[in-house]
Amino acid sequence: MSIALLSLGSNVDPETHLRAAIAALRARFEDVVVSAVYRFPAVGYTGPDFLNAAATLRTDLAPAALNDWLHALEDAQGRDRSGPRYSDRTLDIDIVLFDDAVLTGDGNLRIPRDELRHAFVLRPAAEIAPDWRHPVDGTPLAQLWDAHADRETPFARVDGLDG
């Protein structure tokens with residue numbers, strides 16, 4: 001079994017889509033741990049705020065198969081991939097870390113995920129996986145968050161969605 005760290009986000013009916021995603025993850029995978037959910041401004045375009053969280057889980061799937069499963073979950077929640085890269089999303093789930101892998105693949109699979117440098121990924125990830133290390137430089141996620149430029153920004157916590 002492998003361990004994966006995921007980033008979850010939504011800014012279209014986000015409460016509904018994040019609840020459904022968390023329920024689906026818990027139904028399929030073992031040892032699912034979900035961070036608090038936080039409100040973050042959209043990145044890369046002007047749009048409604050996102051609600052973002054992180055989750056860790058144990059999986060029997062290889063990274064590419066997990067990525068495909070997550071894309072199917074996004075699609076089931078109405079994800080529209082026809083628009084611009086930076087746009088509103090019903091659901092966006094990315095594999096941020098997978099064991100100590102460093103890889104790329106089909107379906108925009110990149111591990112570690114570049115977005116780990118953004119507060120909307122790093123803040124919730126460091127909350128539930130502070131000792132996990134970046135597979136390239138070995139820095140613990142808690143240390144990356146402590147050094148982040150947005151460390152002191154008071155991102156609003158949205159209660160009741162993390163299960």
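With a relative accessibility of 16%, Arg-79 counts as buried in this predicted model. Its side chain is not without a partner, for Arg-79 and Glu-74 meet in a salt bridge, at 3.4 Å from N to O. Glu-74 has a relative accessibility of 1%, so this residue is buried as well, the cut-off being under 20%. The pair is thus a good place to begin a tour of the charged contacts, of which a search of the whole structure finds 12 that qualify as salt bridges.

A second salt bridge joins the side chains of Arg-110 and Asp-114, again with an N to O distance of 3.4 Å. Here the two ends differ in their surroundings: Arg-110 is buried because its relative accessibility is 18%, whereas Asp-114, at 44%, counts as partly exposed. These two residues also belong to a network of salt bridges that links Asp-94, Arg-110, Arg-113, Asp-114 and Glu-115. Elsewhere, the side chains of Asp-146 and Arg-151 form a salt bridge of 3.1 Å, N to O. Arg-151 is partly exposed, with a relative accessibility of 33%.

Attention now turns to the strands. Strand 1, which spans residues 2-10, is mostly covered, and eight of its nine residues are buried. Strand 1 pairs with strand 4 (residues 50-59) through nine bridges, and the two run antiparallel. Within this pairing, Leu-5 has Thr-56 of strand 4 as its bridge partner. Strand 1 also pairs with strand 5 (residues 92-98), where six bridges join the two in the antiparallel sense. In that case the bridge partner of Leu-6 is Ile-95 in strand 5. For readers following the side chains along a strand, it helps to recall that in a regular strand they alternate between the two faces of the sheet.

The helices offer a further view of the packing. Helix 1 (residues 14-28) packs against helix 2 (residues 63-76) at an angle of about 140°, and their axes lie 11 Å apart. Helix 1 is therefore oblique to helix 2, since an angle has to be over 145 degrees to count as roughly antiparallel. The crossing of helix 1 and helix 2 is right-handed. On the helix 1 side, the residues in contact are Ala-21, Ala-24, Leu-25 and Arg-28, and they meet Trp-69, Leu-70 and Leu-73 in helix 2.

Note on methods. Residues numbered from 1 in each chain as written. Predicted model: local features only at pLDDT ≥ 70, side-chain atom pairs only at ≥ 80, totals over all residues. Heavy atoms only, no water. Buried < 20%, exposed > 50% of the residue type's maximum accessible area, 1.4 Å probe, protein only. Helix = DSSP H or I, 4+ residues; strand = E, 2+ residues; numbered from the N terminus. Pairing = 2+ DSSP bridges. Salt bridge = Lys/Arg side-chain N within 4 Å of Asp/Glu carboxyl O. Axes fitted to C-alpha atoms, helices over the stretch in contact; angles between N-to-C directions. Parallel < 35°, antiparallel > 145°, perpendicular 65-115°, else oblique. Left-handed = near helix turned anticlockwise from the far one by under 90°. Contact = heavy atoms within 4.5 Å.
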